[in-house]
Amino acid sequence: MKTIMKRVILVALALVIGLSTLLPAVEAKAAQPVAYEDQAASSDTEVSAAAAQASSVKGKAWAAAVAIAVVAGIGAFSMGMSISKSVESISRQPEAAGSIRTALMLGLVFIETAIIYALIVAILIVFTL
């Protein structure tokens, strides 16, 4: 189970990094304005710079959205698995319910911390890059 989670996290990280690097370049090519003969060269550069800026913001937003979606999904899955396993173990050994509950809460805190870190990284992607 740990190997599967490591693979899922690595694939999600590769996906986020790939999207954050590819989307601005793809959208910049798609958003290039049509150049007319009577336009000045300076207006072409201003329009293309504005289009590149807009596509860069869109790419950052997509990267942040994908990062949060992937991490939140993985976090929800892992929280559900840990809760279900703890309920199973409490039903098998009711006398150990206190220690199982303590370990469950500690594990849920660590999972939620990872999700919050991903949220902070997504906010940093949007506002500082």
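The dialogue below reads a predicted model of one protein chain, moving from its overall make-up to a pair of charged side chains.

Q: Which secondary structure elements does the protein chain hold, and in what order do they run from the N terminus?
A: The chain comes to three helices and zero strands, so that, by the DSSP runs used here, its elements read α-α-α from the N terminus on.

Q: How much of the protein chain is buried, and what supplies the area that it exposes?
A: Of the 129 residues in the protein chain, 22% are buried, while the chain exposes about 9100 Å², with carbon and sulfur atoms supplying 72% of that area.

Q: What share of the contacts with a separation of 6 or more joins residues 24 or more positions apart?
A: Among the contacts in the protein chain with a separation of 6 or more, 82% are between residues 24 or more positions apart.

Q: How many salt bridges does a search of the whole structure find, and which side chains meet there?
A: Side chains of opposite charge can pair when their charged atoms come close. In this structure the search finds one salt bridge, in which the side chains of Glu88 and Arg92 meet at 3.7 Å, N to O; the cut-off for such a pair is 4 Å.

Q: Where do Glu88 and Arg92 lie along the chain?
A: Both residues belong to helix α2, which covers residues 41-92, and they are four residues apart, about one turn of the helix.

Q: Are Glu88 and Arg92 buried, partly exposed or exposed?
A: Glu88 has a relative accessible area of 37% and is therefore partly exposed, whereas Arg92, with a relative accessible area of 62%, is exposed, because the cut-off for exposed is over 50%.

Notes. Residues numbered from 1 in each chain as written. Predicted model: local features only at pLDDT ≥ 70, side-chain atom pairs only at ≥ 80, totals over all residues. Heavy atoms only, no water. Helix = DSSP H or I, 4+ residues; strand = E, 2+ residues; numbered from the N terminus. Buried < 20%, exposed > 50% of the residue type's maximum accessible area, 1.4 Å probe, protein only. Contact = heavy atoms within 4.5 Å. Areas by Shrake-Rupley, 256 points an atom, 1.4 Å probe, with all protein chains shown as cover.
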